[in-house]
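Colleague: Could you take a close look at the helix packing in this one for me? Once that is clear, carry on to the ring pairs.

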Amino acid sequence: METDSSNANSITNNVVISLQQRPAFTQNDFRYQYQDVKPTEKNTIQALIDVISFQSIFINILSSHYWCHFAKQRLPIINWIYNYSLMHNLLSDVIAGITVGVMHIPQGMAYAMLANVPPVMGLYVSLFPVIIYVFMGTSRHISIGTFAVICLMLSKSVDRLASHANKTSIGSSGSDMQTASTFIYVNSTSAIDVSIYANYTSVEVAVVVGFVVGIIQILMGFLRLGSLTVFLSDTLISGFTTGAAIHVFTSQVKNLFGMSISLHKGPLKLVYVYLEIFFNIRNANYTAVIISAITIGILLFVSAIINPLLKPKLNVPFPAELIAIASGTYISYLMDLNVKYNIQTVGYIPTGLPSLKKPPFELIPEVIQDSIPIAIIAFTIALSMAKMFSTKHKYDIDANQELLALGTANLFSSFFSCFPCCASLSRSLIQEASGGKTQVAGLVSCAFLFTIILVVSPLFETLPNCILSSIIVVALIGMFRQFKEIESLWKISKLECMIWIITFTGVVFTEVDIGLAIGVTASLLCVILQTQRPYACILGQINGTDLYMDVSKYKNAREDDCIKIFRFPSSLYYANRENFCNELYRLVGVNPQNMLSKYEKFNLAQQLERNQRRSRKPTRSESEESMTTAAADFESSVEGIWTSSDERPYNNGESSNNILASTSLKRSVLLNVQHIIIDCSMWTFIDTSAITSLVQVINAYDEIGINLHIVSCSDIVLETMEKHPAFVKHLEMRIFPTIHDAMWIVNHSLMSRIEC
């Protein structure tokens, strides 16, 4: 009782909507009454002339306003630098810049090692691309530099094309990084001779990938493909990054255990990696294992205990990673871990900035396939974080300009020994949390890293690789927490949960880029499936209102006996038109094709009987049996849809063959359903195939005396229908602006027929 009274109070407290009385309209009457204005359409030739008008183009180019607008659009820093407040923003940006710069050091070196390139390249990527993005990027808070997933995807090209000597020299000795030799790649099935690539170092391969990624992103920006990320849903990205985190973790196991692992390629390569680790665990370097365990334990303790305690007092996290690198480097130097305990270290780090050098352009055909997914994923991650911060701080983001900014940053940086850059979630969150207001924080972090590269970087040569791997593993914990999303996704949408699982499984058991393609395909198939088979229903009117709801979900929704209101909540197109017809026939309860087929059989049997009688053959024949069968089929086809028991063409005790005597009755009288109203309020488009099917359905129902009406069409759908020649004759009394208009007019016509 208390629940009922509370519900009653909530209803009475609602605002009452007073509907103004108006006449019922057909769509044509509504347009005429309210003077629908149709847009003027130019012919194709005139539109083409307007586009290629050299005079207008020349005038625009000479206009100073054009160049001013172009500069502000391509260099967004102009839009906010004039309003930059030194008093309110500079100190915050300096603190944020130094904080992020400190984070760049361990992350840059660790993620560079993840990509199988020298660790110093990670510092270069944290410097050069940031300078370009500061001027061209539209986000004021994201931190550009290295990112684990991109480095993992890059390692595929490096492993495939770079020579073995150059890769093993990284982090193990001070040999020249430009040496090259032939390398035989070993996988689970065969050995492949790749001596054709023996002259290319890991640096050169990574640099040319950065160049190609930059070209791809710039082309996407000019083609205005910034909306391409709509095909990468949050669910897909979550499953993809979680699967990629498994790859990242696996790639670091060899450093954590101080082991040498063969290079595995192709599907199930992670399975082969763990099998090899399991069978060779006795060859692990126990000193590396101890160092890794201590480092991971300290980092986890700081992350779980120290940082939450310091968070209320400080806006910046405790720099545990930087301290781990500094202390690890110093201890390794004192104890000579590389020589005495065979601990692999970072090795030779060149002093100063890299010299300007063109990438090896002859490798472009070999890396373009790997570069396309890297370009798309890097842009998607950067844009998603940029949108998150822009929404929070209320400024605009231009997706196409972001493409140009990232592409230009990658293209420019590739001439300074940089691999592809991306925005980092952890650094971006720290930059915003530590008070960063604008990309001036990026310039500050660049100045900090410039000093580190010139002065301090050679000191990191004795840093153990297992410490960098430990930093990477601890950083992956945030990605592994995404496993919790499976439970909530399963409750909300099982299809989305399946997309997550399929994407994750595809990434883990195949290559990263192949897994991404599998996830995108699964996501698109789910969208197609949902539009192809949406939940269709019959609507009924809520008593005393102009609201029409699903009769299976609202007990107060009253369904008219003679009028069926059918809702198909999806746009109508070639892929779902068959399902539309099937659902319409099923829910309305009348299939005009079956009815017409029964009528034809019935008429043929009747004609055959007349011919038999004319030939004076009174004996029972096969024709009489076929007529009896046809009559029985006809009876079963209309059973349950008569207007009432009084309107049946035969009584209960009458033979089925006596149906013949009642065929003079109109089919519209035999059927309970007189009108069908199709609610098109959820249709956003319709194609020519669907219009053709819709016209066929209208004509089929006309054949059996049922009128079909269309209501609540959007202007776009209506204009498309009007252009179809087969639909023109149905426009006058078939289309209504709302369900209520159609109900009023149809009920009025039924009442008029009854009175007559």
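Modeller: A crossing is left-handed if the near helix is turned anticlockwise from the far one by less than a right angle, and right-handed if clockwise. By that rule, α25 passes α26 in a right-handed crossing. Keep in mind that this is a predicted model: local features need pLDDT of at least 70 and side-chain atom pairs pLDDT 80 or more, while totals for chains, interfaces and linings use all residues. Numbering starts from 1 along each chain as its sequence is written, and side-chain values use heavy atoms, with hydrogens and water left out.

α25 covers residues 494–509 and α26 residues 512–532 (helices are DSSP runs of H or I with at least four residues, strands E runs of at least two, numbered from the N terminus). The two pack at an angle of about 160 degrees, with their axes 7 Å apart (axes are lines fitted to C-alpha atoms over the stretch in contact, and angles run from 0 to 180 degrees between N-to-C directions). α25 and α26 are therefore roughly antiparallel (over 145 degrees; under 35 is roughly parallel, 65 to 115 roughly perpendicular, the rest oblique). At the interface, L495, I499, I502, T503, G506 and V507 of α25 meet a set of α26 residues, including V512, G515, L516, I518 and G519 (contact means heavy atoms within 4.5 Å).

Now the rings. Searching the whole structure turns up 17 aromatic pairs (Phe, Tyr and Trp rings, six-membered for Trp, with centres within 6.5 Å; planes under 30 degrees apart are stacked, over 60 edge-to-face, the rest tilted). Take F128 and F416: their ring centres are 4.9 Å apart with planes at 15 degrees, so this pair is stacked. Since F128 lies in helix α9 and F416 in the loop between α19 and β4, the pair ties together parts that are 288 residues apart in sequence. Both F128 and F416 are buried (under 20% relative accessible area, with exposed over 50% and partly exposed in between; 1.4 Å probe, protein chains only).

Y573 and F685 make a tilted pair, because their centres are 5.8 Å apart and their planes sit at 45 degrees. This one also links distant parts of the chain, 112 residues apart: Y573 is in the loop between β8 and α27, F685 in the loop between β9 and α31. Y573 counts as buried at 11% relative accessibility, whereas F685 is partly exposed at 39%. Elsewhere, ring pairs join F566, F568, F580 and W683 into a cluster.
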